[in-house]
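You asked for a colleague's reading of this structure before you take it to the bench. The points below go through its interior spaces, its cores and two of its helices.

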Amino acid sequence: AFLVETMGRNCGHIALMAGIAGGAEVIAIPECEIEPREVAERLRAAYQRGKSHALVVVAEGAKHGAQAIVQHVAEHRASIGFGLRVTTLGHVVRGGVPTAADRVLATRLGAAAVDHLASGAAGKLVGMRGNDIIATPLVEIAGKTKPANRDLLDLARVLAQ
């Protein structure tokens with residue numbers, strides 16, 4: 001099995017999206033605690049279903065992080081059927097090649113930011129809601145976080161079975 005640790009000290013969005021895209025058996029994020037024992041059980045279940053490999057994606061801020069999971073799996077390897085190989089991506093993911101959609105989004109956001117500044121507006125975050133470019137005053141969002149979507153985490157669990 002492979003364990004990939006992603007950025008995500010306070011938010012598991014990156015780990016959640018990577019886990020879903022990669023077909024992970026387990027995704028561990030700060031917003032939803034998972035015990036190393038449960039990670040091991042899910043890996044064991046994957047092995048018993050005939051899988052020859054498995055993927056665990058862990059956000060760096062998960063309560064029981066990569067090291068705790070690695071230690072638990074190492075201690076129970078014989079009963080799990082998997083060992084773990086670990087990769088810590090950290091900020092490497094930020095260096096990926098942008099897709100066409102990434103470039104179009106960056107162009108739209110950049111143009112909107114310039115338009116807002118040129119009109120005298122300041123102290124706003126330019127972003128997207130749906131397919132619309134919006135500007136939100138920083139005072140409304142500073143210090144707030146948007147938790148990972150639990151429905152997507154539930155979907156990932158279903159897909160892993």
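How many cavities of 30 Å³ or more does the structure hold?

1. The structure, which is a predicted model, holds 1 cavity of 30 Å³ or more. The largest cavity has a volume of about 30 Å³, and the residues that line it are A24, E25, V26, I27, R42, L153, A156 and R157. Both β2 and α7 (150–160) supply at least two residues of this lining, and the largest share, 3 residues, comes from α7. By class the lining of the largest cavity has 5 nonpolar and 3 charged residues, with no polar ones.

2. Turning to the pockets, the largest has a volume of about 510 Å³. Its lining takes in C11, H13 and M17, together with I141, K144, T145, K146, P147, A148, N149 and L152. Sorted by class, these lining residues of the largest pocket comprise 6 nonpolar, 3 polar and 2 charged.

3. The second largest pocket has a volume of about 350 Å³, and around it are D102, L105, L109, L125, V126, G127, M128, R129, I134, T136 and I141. Three elements, α5 (100–118), β5 (124–129) and β6 (132–137), each supply at least two residues of this lining, while β5 gives the largest share, with 5 residues. The lining of the second largest pocket divides into 7 nonpolar, 2 polar and 2 charged residues. A reader comparing the two pockets may wish to note that I141 is listed in the lining of the largest pocket and also in that of the second largest.

4. As for the packing of the interior, the largest nonpolar core has 18 residues, and those with the most contacts inside it are L3, V39, L43, V56, V58, I69 and L84. The elements that give two or more residues to this core are β2 (26–28), α2 (36–48), β3 (55–59) and α3 (66–75). Apart from this core lies another, of 13 residues, which includes I27, I29, L55 and A59. V56 deserves a closer look, and, with its neighbours within four places in sequence left aside, V56 is in contact with F2, L3, V4, V26, V39 and L43.

5. In helix α1 (residues 13–22) the buried residues are A15, L16 and G19. Seen down the axis of α1, these buried residues fall within an arc of 100°, so they line one face of the helix. The general geometry is familiar: an α-helix has 3.6 residues a turn, so residues three or four places apart point the same way. What covers the buried residues of α1 includes β1 (2–6), β2, β3 and α7. Just after α1, the residue G23 takes a positive phi of about 70°.

6. Helix α3 can be described in a similar order, beginning with its buried residues, which are A66, I69, H72 and V73. These residues cover an arc of only 135° around the axis, which puts them on the same side of α3. The face of α3 turned away from this buried side carries the exposed residues Q67, A74 and E75. Among what covers the buried residues of α3 are β1, α2, β3 and α4 (77–80). I69, one of the buried residues of α3, is also among the residues with the most contacts inside the largest nonpolar core.

Note on methods. Residues numbered from 1 in each chain as written. Predicted model: local features only at pLDDT ≥ 70, side-chain atom pairs only at ≥ 80, totals over all residues. Heavy atoms only, no water. Core = buried A, V, L, I, M, F, W, Y, C linked by side-chain atoms within 4.5 Å. Buried < 20%, exposed > 50% of the residue type's maximum accessible area, 1.4 Å probe, protein only. Helix = DSSP H or I, 4+ residues; strand = E, 2+ residues; numbered from the N terminus. Contact = heavy atoms within 4.5 Å. 1 Å grid on protein atoms, 1.4 Å probe; cavity = no way out; pocket = protein on both sides within 12 Å on 5 of 7 lines; lining within 4 Å. Points joined across faces, edges and corners; volume = space filled by probe spheres on them. Nonpolar A, V, L, I, M, F, W, Y, C, P; charged D, E, K, R; others polar. Arc of directions from axis to C-beta.
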